[in-house]
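Hi,

Here is the structure I promised to pass on to you. Please open it alongside this message, and my notes follow below.

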Amino acid sequence: AMVSRTDNYTVTGKNATVMRVSGSAEGVITSGIALNGENGTAAVVGGDESEIYAASQIIGNGSNSTAFDVSGGARLFNQYQGVVDLTGPNSTGARVHDGGNFINRGSMRIASGIGVDVGSGYGQYVPVDSSLRVDDGTAALRVGNGGWLKIYGDGQGASNIYAMGKADGLLLDNGAQGFEANDIILGAYGSGSVINNRAETS
């Protein structure tokens, strides 16, 4: 499946998804997407061997917007051309859960909300020469009830994770099972904590 060429896609409806991939299929996004409706999602991928490659701008001012949702053994690549800039309230850059793998080679900015959210199960985040920034809201990285986040950093100091305003760098929410990371730079530059361990996970 492809969302490509010169078309731009504007989502204004509620609970709309631009691309959904499963069943070992592959999806490619090279056209711009604007998420201006409530609960809109640009790309959802789930299931072993399923993949989405995003290489475009994903913007939007809709509330509760989500750029990416990856689960069930699938992989989602935000390529170096990929620019996520969500300005609506309570937005999420990537929901990575229940065996999902998110590889970020591009840039992601969330005005208010969460950068990478592992709401349940195991989620893997691999930043490669990339940036992830949350200006306000909850956290740059959040691990929810029953969630476990593993980050494989690039080791070059080129993938920064920024939390501004009230957002935490990492929020281990109530019921979080664990967090493991190597070779990343995680910073909180507002009133939030670098690591907020509500779950009291050791």
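Below is what I found, starting with the sheet and moving on to the core and one valine. Please keep in mind that this is a predicted model.

The sheet first. It is open and built from 8 strands, in the order 2-5-8-11-14-17-20-23, with parallel pairing. Strand 2 (9-11) and strand 23 (185-188) are at the edges; each has a single partner strand, so one side of each has no neighbour in the sheet. On average, neighbouring strands here are turned by 10° against each other, ignoring direction. For a look at one pairing, try strand 8 (residues 57-60) and strand 11 (residues 83-86): they run parallel and are joined by 4 bridges. Within that pair, Q57 sits opposite V83 of strand 11.

Next, the interior. The largest nonpolar core contains 40 residues, and F68, F102, Y125 and L141 have the most contacts inside it. F102 is a good place to centre your view: beyond its neighbours within four places in sequence, its contacts include F68, V70, L76, A94, V96, M108, V116, Y125 and V126. N78 and Q124 are also among the residues that F102 contacts.

Finally, V44, which belongs to strand 6 (residues 41-46). Is V44 buried or exposed? V44 has a relative accessible area of 14%, and buried means under 20%, so V44 counts as buried. Leaving out residues up to four places away in sequence, V44 touches T17, M19, R20, V21, I52 and D69. G190 lies 146 residues from V44 along the chain, and their C-alpha atoms are 31 Å apart.

Best wishes

Notes: Residues are numbered from 1 along each chain as its sequence is written. This is a predicted model: local features need pLDDT of at least 70, side-chain atom pairs count only at pLDDT 80 or more; totals for chains, interfaces and linings use all residues. Side-chain values use heavy atoms; hydrogens and water are left out. Two strands pair if DSSP finds at least two bridges between them. Helices (H or I, at least four residues) and strands (E, at least two) are DSSP runs, numbered from the N terminus. Axes are lines fitted to C-alpha atoms, for helices over the stretch in contact, and angles run from 0 to 180 degrees between N-to-C directions. A nonpolar core is a set of buried Ala, Val, Leu, Ile, Met, Phe, Trp, Tyr and Cys residues joined through side-chain atoms within 4.5 Å. Buried means under 20% relative accessible area, exposed over 50%, partly exposed in between (1.4 Å probe, protein chains only). Contact means heavy atoms within 4.5 Å.
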